[in-house]
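Here is a short report on how some helices and strands pack in a predicted model. Look at the structure, then read on.

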Amino acid sequence: MNFEAVIGIEIHVEMKTKSKMFSSSPVAFAKEANTLVSPLDIAFPGTMPIVNKQAVINAIRVSNALHMEIDNELHFDRKNYFYSDLPKGFQITQDQRPIGKNGYVDVKLSNGTVKRIEIERLHMEEDTCKQLHMADYTLLDYNRAGTPLIEIVSRPSIRSGEEAMKYVEAIKSIVVFTDVSDGKMEEGSLRCDVNVSIRPYGSDKFGTKVEVKNLNSTANVQRAIDFEVKRQTKLLLSGVKVEQETRRFDEMKRETVLMRKKTDAIDYKYFEEPNIVPIKLSDDFIQNAISTCPELASQKLERYIKVGLTEEEANQMLQNRLMASYFDECLKINPKRAKAYWNWLNGDILAYLNKNEIEITSLKVTPDNLDSLIDMIEKSTLSFNQARNVFEKMTIDNKSASLIADESGLKQNSNEDEIRKIVLQTIEEFPQSVVDYKAGKDRAVGFLVGQIMKKTKGKVNPQITSKLVVEILKTK
Amino acid sequence: MYLGKTIEELHELLVSKKVTPLELTKEAIEALKKDQTNALETLCEKEAIEFASSLIEPEVDNPFWGIPYACKDNFSTKGILTTASSNILKDYVPVFDATVVEKLKAAKAVLICKTTLDELAMGGTGTSGHKGITYNPYDPSKTYKIGGSSCGSASVCAQGIVPFSLGSDTGDSVRKPASYAGLVGVKPTWGRISRFGLFPFAPSLDHVGYFTRSVKDSALVLSLLAGEDLTHDATCSTKPVEDYYSLINGDIKGKKIAYIKEINEGIKDQCIKDKFNECIDILREKGAEVNEVSIDKKILSAIYPSYMVISCAEATSNNANLDGIKFGPRVGEVSTYQEVMINARTKGFGELIKRRFVIGSYSLLSANKEELFIKAQRIRHLIVDKVNEVLKNYDAILAPCSGKVKSPIVNNSDNIFSDIDVDSMIIENHLGIGNFAGLPSISIPVGIDQGMPFDFNLTCKAFDEVNMFNLAYSLEKELNLVNLSTVKKVNE
């Protein structure tokens, strides 16, 4: 019997807003425990939630990128349950009216086909505090409590590990490029829970679903699903029922392992948050959030191809949002140099960043300076090799390319009159070369140019030099 | 010798330097130390004397300068124990002031004490706080209740120790005890006063309220406490605050007042009946139109059960933070977080609270939600629509606060399962309409029967506090019951 996988994914995205979802304490990571807390975050009696406007703007932007219907009124609900990491004893979320619903995202699969993955809802909520389980006690860090979250729930329209991976990559790209989140799975700022079940092909019923947690990379999303589909298929083929349970992905073993059997689902006793009266979102507000949204990767891709990159090159540039925005700055200076910028960014600049383990935002070479460097190459003021030397100095000093070239005497001499003098002088020094040239030995040109380069330490323009050598030899 | 004076009177004395804030404070503290009603949670002696000592130069235009006041113990007070009269918070010292406390501090009013309440403001009898029963100062025999949940604040104001005190009103927790204690009790429109720092019982019904001993004083207090609180309470209105005191002119000519037939059918005491007719006559004499209107008894009798469902449902959620991890006692040897929570909540909450949590939780379970919680919400809307319909044609609804002048203290304070007749259930719970609809509502003393005072209530249109004070003032003036207190009673 052949089975097909039915996969649904819930993604939690931590927003990098300045302050928390409902309080004014700052959002930041890796700070000393319990230093980013206000009375509301620890649920002091009498504190009340104030909705973070930027979080709403972010949610609108991501909803729009996912082609969702955006609610024109904000409603929040309480999800009630007791847990040690839940300060208030309830989480403020959007149960009845998520800000976004009924969307989709298209993903391109490795076989070239495009798959549309449907998304049921997007809503805002708040994060819990962080627990550190020690041997016989648990520590609580409330820094994370109240961090704004976006939860994106797909419909069960995903059919394979690859589709799932591409879907998570697409969501990640959207939240990263809209500047909503770091989207770092390995650090937990993008977390995903995957529901996997299988059923015979052609069936319209759902099988028993298994939830898989602890997926810290998109590659692991694919691995976990592939493993889980195999596991469930094996069970069913050997006549064993799939049990409803929660499993986690073990990275070392590359397989899913049982965390807990699903007992009765918790009754969350939802009701509308009485301390937030419904907030009307005007069309202007929504439109403004959308029109001021940073450009998505998919939009950049189109633009990059238009200025002359191949799709592959463009995609490579979009692997890193900061790199892409540096590239955008360059394109603003001279879009005709797209390829040259790309070459530098993916060549010497990337190598430099990797070597020094820094992001491009720490690079001292500004787009303007990079452009001036390329300009000097194009105008033959610098040879490519000289340019690389200049670049190296630019990473230390943040001076303009021409200044550095001047200072280090690297500038290439392209003045024909000056070069002509050197050429004449060199030909005089090597009369044999004239004889050779007349005898039809073109090698003589190369020899002379080489001598001139040696003499000038490579500071004369080789093309002009070569042209003048031929010109003068002909007159001899 | 300054006990039993109103804010207005004390202000005069302070401004003319006949008395200092420190003298007023010391006198109030001495009186509190002799309190026989068990109204006190925490006496803020040191803080009050220190603050009062710093008040030297009177502020002529600030009626609150140097005025002592009391605060119900469910308002957050920075650095001062705040227990909500519950064992689960018996050691809780907040790190911030409630907005109203902050405003009073800025106006240089002197906080003298934190007062008792029914545990976590749930209950209407003044008997369920962790310190036991709070008594009615008008009844030295300690037989009749003062009501609740703002029992302590009602008592100290009725004893004339402070001219005003803060309370909170979720069902009638200010306006009902105001009646038993012969005070003016106010709960303005929902959103008129910031609730930041008020411990939530049921936020959709919760109001900051207060007691005074004159309508004019109550207008002064509202002008100070009202107003937006953008960074702390998103439900708080941004409507401008009016000068309620100056807008009182006693002219009620052409005003239309309704009373509801089905509520008044629950009146048990003849003196209340008589007083009601007298009040109608007074209002008519002053040029107001007074008419009887009718609301289906079925709807009115649903106020109490739907109030219980909604308030308990919200309460179980609001108090889920009191879980023994951040707040509440860590009891015994425990190994799991569940044990921490169960132990703390078992030891920390009184029986009545637990019962209400169970009711609230039960009505929110998905199996029961439609039948209980959603239905209660529908009834609430129905009642709100009915009342607003009446208020479309009338400026106010006049009603007795209770069917009886006095009501005995019973040990088991929650009468959820006791069988009372429908008429009594309606008249004893109708003040909840003001909470359901968030309408401004004031109780004012209208009579004294065998030494026990009683109030009537006026409920008006949303944000029509100006009208509310003006109507209340007109009645107060004619009835000549301004500034009742046990001090005065003794003096007379």
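## Helix 5 against helix 7

In this predicted model, helix 5 (residues 297–306) of chain A packs on helix 7 (residues 321–333) of chain A at an angle of about 40 degrees. Their axes are 12 Å apart. Axes are lines fitted to C-alpha atoms, for helices over the stretch in contact, and angles run from 0 to 180 degrees between N-to-C directions. Helices (H or I, at least four residues) and strands (E, at least two) are DSSP runs, numbered from the N terminus.

Helix 5 of chain A and helix 7 of chain A are therefore oblique; angles under 35 degrees count as roughly parallel, over 145 as roughly antiparallel, 65 to 115 as roughly perpendicular and the rest as oblique.

## The sheet

Nine strands of chain A form an open sheet. Their order is 2-6-7-10-1-11-12-13-14, with mixed pairing. Two strands pair if DSSP finds at least two bridges between them. Strand 2 (69–70) and strand 14 (255–261) of chain A are the edges, each pairing on one side only.

Strand 6 (residues 100–108) and strand 7 (residues 114–126) of chain A pair in the antiparallel sense over eight bridges. A:V114 in strand 7 of chain A is the bridge partner of A:K108.

## Basis

Residues are numbered from 1 along each chain as its sequence is written, and chains are lettered from A and ligands numbered from 1 in the order in which they are written. Local features need pLDDT of at least 70, side-chain atom pairs count only at pLDDT 80 or more, and totals for chains, interfaces and linings use all residues; side-chain values use heavy atoms, leaving out hydrogens and water.
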